[in-house]
Amino acid sequence: MKKLRDIMRPDFLFTVQRDAMVTDAVRLMAERNVGIVIVLDGSRLVGVLSEVMTMGVIVAEPDDDYQSAIRQMDDANIRHLLVVRDGRMLSMVSIRDLIRVDIHDKSEELRYLREYLYQVPPDIAVRHAAA
């Protein structure tokens, strides 16, 4: 099962320092066409700014599997999940990133099941060809 470390994108993390002006964060969001900016105090996570800054942010570890991340995001009704290790920001994943992986995994599972269901065992194929 894929882990968040396999899904997260290093170029998806946009940050401002806690003492930055809100206009700086809004400008960054507009320039990068993103809806969320991470707010740091030095290198420590203090919140996220989307329309308003949110404190008590829901986070995950890079070794968490993507399905538990989807459940966590659904339970919290959020679209972005911060990935941290030892309190340090590593990246962020969106529900879109996780759904894309889930669809791919489900497609692979369906392909495998189809192959299994419709596979003709070798001994039957040989008997059929000989008849």
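Helices (H or I, at least four residues) and strands (E, at least two) are DSSP runs, numbered from the N terminus. The structure is a predicted model, in which local features need pLDDT of at least 70, side-chain atom pairs count only at pLDDT 80 or more, and totals for chains, interfaces and linings use all residues. Residues are numbered from 1 along each chain as its sequence is written, and side-chain values use heavy atoms, with hydrogens and water left out.

**Exercise 1. Overall form**

Task: State how many helices and strands the protein has, and give their order. Then compare the radius of gyration with the globule rule.

Solution.
- Step 1. The protein contains five helices and seven strands.
- Step 2. Read from the N terminus, the order of elements is α-β-α-β-β-β-β-α-β-β-α-α.
- Step 3. The radius of gyration, taken over C-alpha atoms, is compared with a globule rule of 2.2 Å times the number of residues to the power 0.38. For 131 residues the rule gives 14 Å, whereas the protein has 22 Å, well over that value, so the protein is more spread out than a compact globule.
- Step 4. Along the principal axes, the C-alpha atoms fill a box of roughly 80 × 30 × 25 Å.

**Exercise 2. Surface, contacts and charge**

Task: Describe the burial, the exposed area, the contacts and the charged side chains of the protein.

Solution.
- Step 1. Buried means under 20% relative accessible area, exposed over 50%, and partly exposed in between (1.4 Å probe, protein chains only). By this criterion, 30% of the 131 residues are buried.
- Step 2. The protein exposes about 9,100 Å², of which carbon and sulfur atoms supply 53%. The areas come from the Shrake-Rupley method with a 1.4 Å probe, and for residues only the protein chains shown count as cover.
- Step 3. Contact means heavy atoms within 4.5 Å. Among contacts in the protein with a separation of 6 or more, 48% join residues 24 or more positions apart.
- Step 4. There are 18 positive and 21 negative side chains, and the centres of the two sets lie 2 Å apart. Here Lys and Arg count as positive and Asp and Glu as negative, while His and the chain ends are not counted. Each charge is placed at NZ of Lys, CZ of Arg, CG of Asp or CD of Glu.

**Exercise 3. The largest nonpolar core**

Task: Identify the residues of the largest nonpolar core and the elements that supply at least two of them each.

Solution.
- Step 1. A nonpolar core is a set of buried Ala, Val, Leu, Ile, Met, Phe, Trp, Tyr and Cys residues joined through side-chain atoms within 4.5 Å.
- Step 2. The largest such core has twelve residues: L4, I7, A60, Y66, A69, I70, M73, L81, V83, V93, L98 and V101.
- Step 3. At least two of these residues come from each of α1 (4-7), α3 (66-76), β6 (80-85) and α4 (95-118). Helix α3 gives the largest share, four residues.
- Step 4. In soluble globular proteins, nonpolar side chains tend to be buried together.
- Step 5. Beyond its neighbours within four places in sequence, L98 contacts L4, I7, Y66, A69, I70, M73 and V93.

**Exercise 4. I7 in helix α1**

Task: Is I7 buried or exposed, and which residues does I7 touch?

Solution.
- Step 1. I7 belongs to helix α1.
- Step 2. I7 is buried, because its relative accessible area is 10%.
- Step 3. Not counting residues up to four places away in sequence, I7 touches K2, Y66, V93, D97, L98 and V101.
- Step 4. For I7 and D97, a sequence separation of 90 residues goes with a C-alpha to C-alpha distance of 7.1 Å.

**Exercise 5. Loop residues and strand β5**

Task: Place N77, D86, G42 and V59 in the secondary structure, and classify their accessibility.

Solution.
- Step 1. N77 sits in the loop between α3 and β6. N77 is exposed at 71% relative accessibility, and its phi is near 55°, a positive value in a residue other than glycine.
- Step 2. D86 occupies the loop between β6 and β7 (88-94). D86 is exposed at 74% relative accessibility, and its phi is also positive, near 55°.
- Step 3. G42 falls in the loop between β2 (37-41) and β3 (44-49), and its relative accessible area of 42% makes G42 partly exposed.
- Step 4. V59 is part of strand β5 (residues 59-60) and is partly exposed at 31% relative accessibility. Apart from neighbours within four places in sequence, V59 contacts L45, Q72, L81, L82 and V84.
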